[in-house]
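I opened this entry to record what I looked up, one topic at a time. The sequence and the structure come first.

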Amino acid sequence: MSITKWLLIVGVSQAVQIRLSASERNGLGRIARGHKSPARDKLRAQIVLDAARGLPNTVIAHRCGVVEDTVRKWRGRFAADRLEGLKDLPRSGRPPSFTPVQVVEVKALACQIPADADVPLARWSCPELARHVVAAGVVESISTSTLRRWLRADAIKPWQYRSWIFPRDPDFAAKAGRVLDLYAGIWEGESLGVDEYVISSDEKTSIQARCRCHPSLPPGTARMMRINHDYERGGALAYLAAYDIEGARVFGRCEPSTGITPFMALVEQVMTQEPYVSAKRVFWVVDNGSSHRGKKAIERLTKRFSNAVMVHTPVHASWLNQIEIYFSVVQRKVVTPNDFTDLAEVEDRLLTFEKRYNATAKPFRWKFTRNDLDDLLTRIDRHQAAEPVLTKAA
C-alpha cells in the first residue's frame, strides 16, 4: 500500500505540493530578504519558499517559529491563489461612529469663515472647530485627532491663510512689461548695448540694534543657537542698496532714515564710478516709495546724471524689483537673529557682508517673463469677472 493511500485511510491529509515559476521564486525571494518588507510578508514568503523545496510542514514550522496550522494555511492559500493568496483578506472592521452626512457637514463648516457661523474667531483651529460642531449639534462628540484626520483627507487647512491684492495701477501691464524687458536686456524693442546697465535699487527701513540682556549661546550637540528674548533698544537705521543685475554687484550705504537726500547720495555713490559714469545709459529700477516717486524724482535724477533713466515698477509690485531678493538674503543671513550692541555694529555687519557677497555673487536667475505676466493678468481678469457672480450666489 502506498504512503499516500495509507494517509487517506487514516484521515491525514497530505501536504499540498508547491511548484514555483522563476518569476514567483524571484518575487518571493525579494520579499523574504527585503529590508523594508513587513515581517508578516517575510514569514509568508519564507513558508512558501520552504514548501517549494519539498520540506514537510513540521520542519517549516520549526524553522519559521510558528505552528503547523500557520504553515498549512499559507501553503494552501498560495496553492489556490498564488501570490494574491498571501495578502490579507478584507476585514469588516468596527462600524463607523459617524455618518457620511456628518463628515460632510463638519468639512463644510471648516470651509466657512468663523464669523459667518456667529463664532468670534478669525480662523478655525481643530479644537475650536471640534467644540463648535458639538455645540451646533452636528455630532454628539468628536476628538480633535478625528477631525484633523477628516480635514487632512481633503487638504483642508482653515487655520492657514494667504493674502492677495489686485493691481491698482491702471498702467500695471505697461510698467511691469518695461521692467521685465530690462531684465531680458531689452528697452523699447531694442537690445541693450554693452555700455548700458540696469540697476535695481530700494531701501530696507528700520533695521534695529537690539542688544540682548544675556549673551547669545552658540549651537552645540543636539542644541540649536539660543537667543535671549529680553533686549535693550539701540536705535534703528536704514540700509539703502543698489544692485547691478548683470554684474551681480551690490552698492550699499547706511543712513539714519530714508528720504530724497539719502537716496540721491546712493545714486551719487554708484554713478560717480566706472563703468557707470561713462556708460551710455544706466537704468534705475525703483518702486514708488517717497524717496523716488513720480515725475519729480525722474527729473531730479536726469538733471543730476544725464545718462541715468529711472524706471518705476507698478504700484504694489515691489516684487518685480530684484533688490528685494538681496534684501531677503540680508534679512536671513545678517539681521536675524538681531543681537547688536549698537548701530555702529549693525552698519559694520551690513557693509562687511556686502563685500563678502560681492566676492562670490552670481546674477539672480530671473524666470518671470512677459508671457508669465500675461498669464497672471489673464487669471486676475477671469477672477474679477467671476467675482460678482460669486457674490450674488452667496
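**Entry 1: Asn 307**

I began with Asn 307 and found its place in the loop between helix H11 (294-304) and E7. The model is a predicted one. Is Asn 307 buried or exposed? I looked up its relative accessible area, which is 13%. Buried means under 20%, so Asn 307 counts as buried.

Next I asked which residues Asn 307 is in contact with, leaving aside its neighbours within four places in sequence. I noted Met 271, Tyr 276, Val 277, Ala 279, Lys 280, Arg 281 and Val 282. I then took Val 282 for a distance check. Asn 307 and Val 282 are 25 residues apart in sequence. In space they are 6.1 Å apart, C-alpha to C-alpha.

**Entry 2: the sheet**

From that loop I moved on to the strands. I found an open sheet of five strands. I wrote down the order as E5-E4-E3-E6-E7, and the pairing is mixed. Which strands stand at the edges? They are E5 and strand E7 (308-312). Each has a single partner strand, so one side of each is left without a neighbour in the sheet. I also noted the turn between neighbouring strands, which is 30° on average, direction ignored.

I reminded myself of the background here. Strands of a sheet pair through backbone hydrogen bonds, either parallel or antiparallel.

I then went through the pairs.

- Strand E3 (residues 196-212) and strand E4 (residues 231-244) run antiparallel and are joined by 11 bridges. In this pair, Lys 204 stands opposite Tyr 239 in E4.
- E4 also pairs with strand E5 (residues 249-255), in the antiparallel sense, over seven bridges. Ala 238 has Glu 255 in E5 as its bridge partner. Tyr 243 has Val 250 in E5 as its bridge partner.
- E6 and E7 run parallel, with five bridges between them. Phe 283 stands opposite Val 309 in E7.

I stopped at the hairpin of E4 and E5. How many residues lie between the strands? There are four. In this hairpin, Ala 248 takes a positive phi near 55°.

**Entry 3: around the sheet**

I looked for helices against the sheet. Helix H10 (residues 260-271) packs on the sheet and touches E3, E4, E5, strand E6 (281-286) and E7. The direction of H10 makes about 145° with that of E5. Helix H12 (residues 323-335) lies across E3, E4 and E5. H12 runs at about 25° to E3.

I went back to E7, an edge strand. Four of the five residues of E7 are buried, so E7 is largely enclosed by the rest of the structure.

**Entry 4: two helices**

I turned to helix H3 (residues 39-52) and helix H4 (residues 57-64). Their axes come within 10 Å and cross at roughly 145°. The crossing is right-handed. Which residues make the contact? From H3 I listed Leu 43, Gln 46, Ile 47, Asp 50 and Ala 51. From H4 I listed Ile 60, Arg 63 and Cys 64. Sorted by kind, the residues of this contact are five nonpolar, one polar and two charged.

**Entry 5: Ala 176**

I found Ala 176 in helix H9 (residues 172-183). Its relative accessibility is 0%, so Ala 176 counts as buried. Leaving aside neighbours within four places in sequence, Ala 176 is in contact with Pro 314, Leu 320 and Leu 373. I checked its distance to Ile 165 as well. The two are 11 residues apart in sequence and 16 Å apart in space, C-alpha to C-alpha.

**Entry 6: cysteines**

A disulfide is a covalent bond between the sulfur atoms of two cysteines. How many disulfides does the structure hold? I counted zero. Cys 111 is in no disulfide, and the nearest cysteine sulfur, that of Cys 126, is 12 Å away. Cys 111 is exposed, with a relative accessible area of 58%.

Why does Cys 213 form no bond with Cys 211? The sulfur of Cys 211 is the closest cysteine sulfur to that of Cys 213, but at 7.3 Å it is too far for a bond. Cys 213 itself counts as partly exposed, at 42% relative accessibility.

Terms used: Residues are numbered from 1 along each chain as its sequence is written. This is a predicted model: local features need pLDDT of at least 70, side-chain atom pairs count only at pLDDT 80 or more; totals for chains, interfaces and linings use all residues. Side-chain values use heavy atoms; hydrogens and water are left out. Two strands pair if DSSP finds at least two bridges between them. Axes are lines fitted to C-alpha atoms, for helices over the stretch in contact, and angles run from 0 to 180 degrees between N-to-C directions. A crossing is left-handed if the near helix is turned anticlockwise from the far one by less than a right angle, and right-handed if clockwise. Contact means heavy atoms within 4.5 Å. Ala, Val, Leu, Ile, Met, Phe, Trp, Tyr, Cys and Pro count as nonpolar, Asp, Glu, Lys and Arg as charged, and the others, Gly among them, as polar. A disulfide is a pair of cysteine sulfur atoms within 2.5 Å. Buried means under 20% relative accessible area, exposed over 50%, partly exposed in between (1.4 Å probe, protein chains only).
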